Amino acid sequence: RMKTFIFLNPYSKPGVIAHECKHLVNTIFQWSGVKINTSNDESECYYLEKIVDLAHNAISYYKKINQKK
């Protein structure tokens with residue numbers, strides 16, 4: 001099982017987060033041998049949504065635990 005990472009500034013703008021997450025979606029699809037289909041991109045959008053949610057949650061958690069310091 002491969003692991004992937006994206007590195008973000010915790011104060012990145014939402015557009016930057018989505019931009020970097022899209023790179024990750026492209027990488028996952030490429031590794032899996034899936035060609036991105038612009039006329040039927042629903043699966044790509046689900047992956048992007050999930051990864052952006054994970055990034056947002058990680059940033060929120062980081063801010064929360066570092067707020068106390």
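For the pocket linings on this tour, Ala, Val, Leu, Ile, Met, Phe, Trp, Tyr, Cys and Pro count as nonpolar, Asp, Glu, Lys and Arg as charged, and the others, Gly among them, as polar. With that in hand, open the viewer and keep in mind that this is a predicted model.

**Stop 1: the second largest pocket**

Start by selecting R1, M2, K3, T4, I28, W31 and S32, the residues that line the second largest pocket. Colour them by class and you should find three nonpolar, two polar and two charged residues. The volume here is about 160 Å³.

**Stop 2: the largest pocket**

Now move on to the largest pocket, with a volume of about 430 Å³. Its lining counts 14 residues, and I6, I51, L54, A55 and A58 are the closest to its centre, so select those five to bring the view there. Which classes make up this lining? There are 13 nonpolar residues, one polar residue and no charged ones.

Next, show the helices as ribbons. Helix 1, residues 14–32, and helix 2, residues 42–67, each give at least two residues to the lining of the largest pocket. Helix 2 provides the largest share, with six residues.

**Stop 3: along helix 1**

Select helix 1 by itself and put a distance between its end C-alpha atoms: they are 27 Å apart, which agrees with the 27 Å that its 19 residues should span at 1.5 Å a residue. Then highlight I17, C21, L24, V25 and F29, the buried residues of this helix. Turn the view to look down the axis of helix 1: the buried residues fall within an arc of 135°, so they line one face of the helix. Rotate to the other side of helix 1 and pick out G15 and Q30, which are exposed.

**Stop 4: two cysteines**

Stay with C21 for a moment and add C45 to the selection. Why does the structure hold zero disulfides? A disulfide is a covalent bond between the sulfur atoms of two cysteines. Here the sulfur of C21 has its closest cysteine sulfur in C45, 13 Å away, and that is too far for a bond. The cut-off for a disulfide is a pair of cysteine sulfur atoms within 2.5 Å. Seen from C45, the closest cysteine sulfur is that of C21, again at 13 Å and too far for a bond. Are these two cysteines buried or exposed? C21 has 0% relative accessibility and counts as buried, while C45, at 36%, counts as partly exposed.

**Stop 5: the loop between the helices**

Select V34 and I36 next. V34 is in the loop between helix 1 and helix 2, and I36 lies in that loop too. V34 is partly exposed at 41% relative accessibility; I36 is partly exposed as well, with a relative accessible area of 36%.

Two distances are worth drawing from this loop. From V34, draw a line to E44: these residues are ten apart along the chain, and their C-alpha atoms are separated by 9.9 Å. From I36, go back to V25, one of the buried residues of helix 1. I36 and V25 are eleven residues apart in sequence and 9.8 Å apart in space, C-alpha to C-alpha.

**Stop 6: Y62 and P10**

Finish in helix 2, where you will find Y62. With a relative accessible area of 41%, Y62 is partly exposed. Add P10 to the selection: Y62 and P10 are 52 residues apart along the chain, and 7.5 Å separates their C-alpha atoms.

Note on methods: Residues numbered from 1 in each chain as written. Predicted model: local features only at pLDDT ≥ 70, side-chain atom pairs only at ≥ 80, totals over all residues. Heavy atoms only, no water. 1 Å grid on protein atoms, 1.4 Å probe; cavity = no way out; pocket = protein on both sides within 12 Å on 5 of 7 lines; lining within 4 Å. Points joined across faces, edges and corners; volume = space filled by probe spheres on them. Helix = DSSP H or I, 4+ residues; strand = E, 2+ residues; numbered from the N terminus. Buried < 20%, exposed > 50% of the residue type's maximum accessible area, 1.4 Å probe, protein only. Expected span 1.5 Å × (residues − 1). Arc of directions from axis to C-beta.
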